[in-house]
Amino acid sequence: MEGVSVSSANDATVVAVFADKAVTKETRVESGELHGNAESEPKIGLTFDGIEEMFECYKNYGKHMGFSVKKKSNRKNVEGNLRSVTFCCAREGTPKTTARNPLRPHVSMQSGCKARLSARLNMVGGWEISVLALEHNHELNPSISRFVQYHRKPKRKDRGGDKISTSSVNEAGGNEKDSGNMIEQLRRLQLGKGDAQALMTFFSKMVAENTGFYFDVELNHEDRPKNVFWADGRSREVYKEFGEVVMFDTTCLANKYDLPFISFVGVNHHGQSLLLGCGLISNEDAQTFVWIFSKWLQCMSGCAPQGIVTYQDSEMQNAIEIVFPQTKHRWCLWHVMKKLLDKLGKFAEHQAISVALKDAVFDTQSQDDFEQRWNEGVGKYGLEECNWLSELYNQRHLWVPCFVKNTFWAGMSTAQQNESMKPFFDGCIQSKTTSKEFVEQYESALRKKVVKEMKDDAESFSKLVPTVTSYPIEKQVQGVYTISKFKEFQVEVIGKMYCDFLQIEEGPMVKRYVIREDVWLEDFNKRMTFTFSFDERDCAVHCSCQMFEFQGILCRHAVNVLIHNDVRLLPDKYILRRWRKDVKRSYSKVKVSFNCLENDIESVRRNELSSNFSKIAEWGTANDEQYSHIKQWLAYLENELKLGGGSCT
């Protein structure tokens, strides 16, 4: 990986490697075999001075290959002396769960892997490998081995408080606009002592250390920063992968923090929030939002998102209509409902009103049904003259589920606040955080997010949530989705038991169903009815709940109908790439200062190849003949790698 530093070699007593013949520990140290030869496989007959030395060697071999190891068993003689030991892959054994609820199984590493190494004490007191099985029943991935059991390095102290080094500023710009009311324009971006210099120093450092770092500054009539926007190269590459839906987060402004901070946030394959750009703004008017939206769109190569989620704000809405005219806009449902319920508290019958309006919002599947039930609730409790409630109803197309659920929102804007809706820098921005303090914590906050994603990638790769049914559909999704997304699908598989067919209409190709579901809440249950269609020609399904369109996960009603029609495996169109755990995503290779990758084998190889390719590129530009020859060779090599599944002849 470009720009990833390689740490110094590990201590010789720890990184012992497997040689082709039995030698003593001292001989291996003197010969240098303990350094850099981690690719060697263990051999039967190889001897070691002690058990721990052998275990360390097996662990390092596992780290290089991409699996973790554990101690399995040992045997003693009648005198109680240890005579043999066995180490094995950490995924040995059958999956077991200690969960009290069998329908909510815990994550398990076990896959029944038979890879192992056994050793016995020889006549001269050394430990000799006697049994060896190198084949695994699961995929190996060296790039994530640092995040799995026995391969974790000691935690380093957080560098969030380190001072930021300075370097020359590469890029700056913006335009000077005088709003005519500079006092109001500057009320939100009051840079304290050292803040402006800290911003410039921060940008200098990020440009020098991060590939593709972008920033822009709008200046006021005094040439002081009025609005600031920036995005690192990783965020820009992330947008290509997960940019369908974006949340524009102004929580810090809403909470009246001293730091007027905004961020563009997406959702990754684990349902975690991803930074897609951020900034500091002077005001919360349409003109300011137009500037920040325009700069973000320019940064993302002019590619607008399919959907954008914001908080309830008319100035923001006007700016979105100007900059993103083709983008679907909606409000965050969680914040709308929270504000609605807070305002209802002043009414004597607020509990009954709350139930009536929540039922209209969450229990209706069509726009006509919502409008009827909402107006019935408003009329019943005499709320016709309530202006803010009327305005909320007039804007129903921006927040009511049945008006927006036909668009994909990647799980954002649900009834409960989830990971994707929390402020991205939650915990890093306090009520009195200054601009200078924030930029000093910026890299630390992003590093934590990257580490969390990498750990979850490793867990999804090396562990499984056991299935709770024997349906091949559940097994299929278990094998391809990340753990968090498989759990969401598993909830729907379990929910199948609460669904019954009330009516089945058999057409020549399209079957129609009326499904009744028992919805169990905390202390009561209710019954809801859904309509469903199934087209046998292309195995197309459509449910009135529109969960797949809205969230990207098939609903329990779809699972019920597919199984009823003997569909064993989901068609590819219902397995979304964005939730898969087996996709190598390009943003993980972008050079950024907070990437956390140090010495993994893929990064080392990528650095070496990048260096070699740079030399080839220099030679290839010498003349037309060499340029043409190298281009043909690279095209041939690329084709060979694709056809060979990653290997070339």
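In the predicted model, F242 is found in helix 5, which spans residues 233–242. With a relative accessibility of 0%, F242 counts as buried, because the limit for that class is under 20%. Leaving aside residues up to four places away in sequence, F242 touches V267, N268, H269, L274, R578, R585 and Y587. One of these partners, R578, is 336 residues from F242 in sequence, yet the two C-alpha atoms are 7.2 Å apart in space.

R578 also takes part in a salt bridge. Its side chain meets that of E244, with an N to O distance of 2.9 Å. This pair links distant parts of the chain, 334 residues apart: E244 belongs to the loop between helix 5 and strand 8 (245–249), and R578 to the loop between helix 18 and helix 19. Both E244 and R578 are buried. R578 thus appears both among the residues touched by F242 and as the salt-bridge partner of E244.

At the level of the whole chain, 20 helices and 16 strands are present. Of the 649 residues, 49% count as buried. Among contacts with a separation of 6 or more, 65% are between residues 24 or more positions apart. The accessible surface of the chain amounts to about 32800 Å², and carbon and sulfur atoms account for 49% of that area.

The structure holds 28 salt bridges. One of them joins K72 and E92, whose closest N and O atoms are 2.9 Å apart. K72 lies in strand 2 and E92 in the loop between strand 3 and strand 4, so this pair ties together parts that are 20 residues apart in sequence. The two partners fall into separate accessibility classes: K72 is partly exposed, with a relative accessible area of 37%, whereas E92 is buried at 15%. K70, K72 and E92 are linked in a network of salt bridges. A further salt bridge is formed by the side chains of K226 and E218, with an N to O distance of 3.7 Å. K226 is buried, with a relative accessible area of 1%, and E218 likewise counts as buried at 2%.

Strand 2, which contains K72, belongs to an open sheet of five strands. The strand order in this sheet is 1-5-4-3-2, and the pairing is antiparallel. Strand 1 (47–48) and strand 2 (69–76) form the edges, each pairing on one side only. In general, strands of a sheet pair through backbone hydrogen bonds, in either a parallel or an antiparallel manner. Strand 3 (residues 82–89) and strand 4 (residues 116–121) run antiparallel and are joined by five bridges. Within this pairing, F87 has L117 of strand 4 as its bridge partner. Helix 2, comprising residues 51–65, lies across strand 1, strand 2, strand 3, strand 4 and strand 5 (127–133), and runs at about 15° to strand 3.

Two loop residues other than glycine are notable for their backbone geometry. S301 has a positive phi of about 60° although it is not a glycine. This residue is located in the loop between helix 7 (286–299) and strand 11 (307–310), and S301 is exposed, with a relative accessible area of 67%. D566, also not a glycine, has a positive phi of about 60° as well. D566 lies in the loop between helix 18 (556–564) and helix 19, the loop that also holds R578. At 66% relative accessibility, D566 counts as exposed, whereas R578 is buried.

Towards the end of the numbered helices, a nonpolar patch is found on the surface. L609, F613, W633 and L634 make up this patch, which covers about 370 Å². Helix 19 (601–620) and helix 20 (624–643) each supply at least two of the patch residues. L634 lies in helix 20. With a relative accessibility of 36%, L634 counts as partly exposed, and its value therefore exceeds the 30% cut-off applied to patch residues.

Methods:
Residues numbered from 1 in each chain as written. Predicted model: local features only at pLDDT ≥ 70, side-chain atom pairs only at ≥ 80, totals over all residues. Heavy atoms only, no water. Patch = residues over 30% accessible without salt bridge, like charges linked within 9 Å, V, L, I, M, F, W, Y side chains within 5 Å. Areas by Shrake-Rupley, 256 points an atom, 1.4 Å probe, with all protein chains shown as cover. Salt bridge = Lys/Arg side-chain N within 4 Å of Asp/Glu carboxyl O. Helix = DSSP H or I, 4+ residues; strand = E, 2+ residues; numbered from the N terminus. Buried < 20%, exposed > 50% of the residue type's maximum accessible area, 1.4 Å probe, protein only. Pairing = 2+ DSSP bridges. Contact = heavy atoms within 4.5 Å. Axes fitted to C-alpha atoms, helices over the stretch in contact; angles between N-to-C directions.
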